[in-house]
Amino acid sequence: MDLAIVGAGAAGAAAAYALRATNHDVTVFEKSRGVCGRAATRRRGDCTYDHGANYVKDDSERVTELLTETLPTEGLVAVDDPVWTFDADGRIAESDRPTETKWSYERGITQLAKRLFTETDAEVAFETRVGGLERTGDRWRLDDVDDDPLGSFDAVLLTPPAPQTTELLTATTWDDPRRAELAAAVEAVPYRTIYTVLLHYPFELDRPWYGLVNTDREHEVGWLSREECKDGHVPDGESLLVAQMSPAWSSRRYDDPSDEVKADAAGIVAELLGDERLADPDWTDRQGWLYALPDEGADAETLRAAEPEGLYFAGDWVAGDGRVHLAVESGLDVGERIAE
Ligand SMILES: Cc1cc2nc3c(=O)[nH]c(=O)nc-3n(C[C@H](O)[C@H](O)[C@H](O)COP(=O)(O)OP(=O)(O)OC[C@H]3O[C@@H](n4cnc5c(N)ncnc54)[C@H](O)[C@@H]3O)c2cc1C
């Protein structure tokens, strides 16, 4: 069977992985230049940093086993340092929640999708944005955004975030009432926007925590972490803070000049940590994530109703929460159903 997977994020990679030992021909279309989607890594100088998802939680036995036993474990990094909390007034407190293991890789979290794809024969077409689908007989034709054909397939798996999957369904020609029902179910998934700001300092920041999470969701910072707690990410004697600004602040500042946004974020972080040196990082980076985290899942029954026609869905929004391990599980599940 010829299968097209749209999106080479954690879900798309896991689906391809689940199909590795079958005789399905898998082609993956990915609009960006790399794999792993919102679980993203960049490099600058000697620093490596995860500027989307910070880590994979060990909440899923299946995914933890995949990371720690099945896939190559070379360079797998466990962050064991604790996550503390802070409130709207910036009061930082030790958390009584048990410390869970958080996974990344020395070369960054994108290694997860890289390692999954390495186990497969899937062909990944980068910088290829799928613009729409057309049902022709019992096959699906995919076009790019210029309406140029990308190929015809027995089945298609859509993994982009729900708003981008809605765009694809809206641009789909399929004379069947399920098309509109699907588009409505997928469009209903609410998302949070997050602006990530990276702040680098040429000195060490001595703190007892890896991350700080804002528990009342009233602070301008939603999450702050120290990338140096991941082996291999930040040279000794330096510090790299990852600040994920709150959804309200991120949406408000999303289109402002990035230098202003980064400077303001640095000031807020300096105040939160009570260290004025932090307002003046020696370099910064940033990434706006318009569709960062789904707050709910789409109706599973509506999604599954398209499967007899060879149209499948996977991703964190199918699972119902913005987590890498859930995206992986969703991809594995759908891959196993396709294999059947
Ligand atoms: C700032 C931030 C922090 C986060 N922190 C954490 C965390 O610490 N721990 C955690 O577990 N999770 C975290 N998450 C959530 C986690 O990143 C996601 O749940 C997970 O990566 C989703 O994987 P996915 O495969 O479902 O989707 P994605 O990663 O979004 O993959 C979809 C892929 O589809 C591609 N695509 C989209 N449209 C098209 C198209 N038309 N044609 C071709 N390709 C297309 C995209 O480029 C992308 O590569 C965070 C997310 C963000 C944004």
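A salt bridge here is a side-chain nitrogen of Lys or Arg within 4 Å of a carboxyl oxygen of Asp or Glu. Keep that in mind for one pair. The side chains of arginine 62 and glutamate 336 come to 2.9 Å, N to O, so they qualify as a salt bridge. One caution before I go on: this is a predicted model.

Now the layout. The domain assignment splits the protein in two. Domain 1 takes 2–37, 114–188 and 297–339. Domain 2 takes 41–109 and 191–294. Their centres, taken over C-alpha atoms, are 29 Å apart.

Next, the interface. How many residues of each domain are in contact? On the domain 1 side there are 22, and on the domain 2 side 21. Interface size is often quoted as the accessible area lost when the parts come together. For domain 1 and domain 2, the buried area is about 1800 Å². Carbon and sulfur atoms give 64% of that. Which three residues of domain 1 supply the most? Arg115, Val324 and His325. Together they supply 33% of the area that domain 1 buries against domain 2.

On to the polar side. Two salt bridges cross between the domains by the rule. Six residue pairs are in polar contact between domain 1 and domain 2. Which elements of domain 1 give two or more residues to the side touching domain 2? They are helix H3 (111–118), helix H4 (162–170), helix H9 (316–319) and helix H10 (324–339). H10 gives the most, with seven residues. By class, that side of domain 1 has ten nonpolar, eight charged and four polar residues.

Last, the ligand. It has 35 residues around it. The closest are Glu30, Arg38, Tyr55, Asp316 and Val324. Val324 has come up already, in the area that domain 1 buries against domain 2. Where do polar backbone atoms approach the ligand? Take alanine 11: a polar backbone atom there is 2.9 Å from a ligand oxygen. At asparagine 54, a polar backbone atom is 3.1 Å from an oxygen of the ligand. At tyrosine 55, the ligand atom is a nitrogen, 2.8 Å from a polar backbone atom.

Notes:
Residues numbered from 1 in each chain as written. Predicted model: local features only at pLDDT ≥ 70, side-chain atom pairs only at ≥ 80, totals over all residues. Heavy atoms only, no water. Domains from an automatic or database assignment. Contact = heavy atoms within 4.5 Å. Buried area = accessible area lost by both parts, 1.4 Å probe. Polar contact = N/O pair within 3.5 Å; in protein donor to acceptor, adjacent residues only side chain to side chain. Helix = DSSP H or I, 4+ residues; strand = E, 2+ residues; numbered from the N terminus. Nonpolar A, V, L, I, M, F, W, Y, C, P; charged D, E, K, R; others polar. Near = heavy atom within 4 Å.
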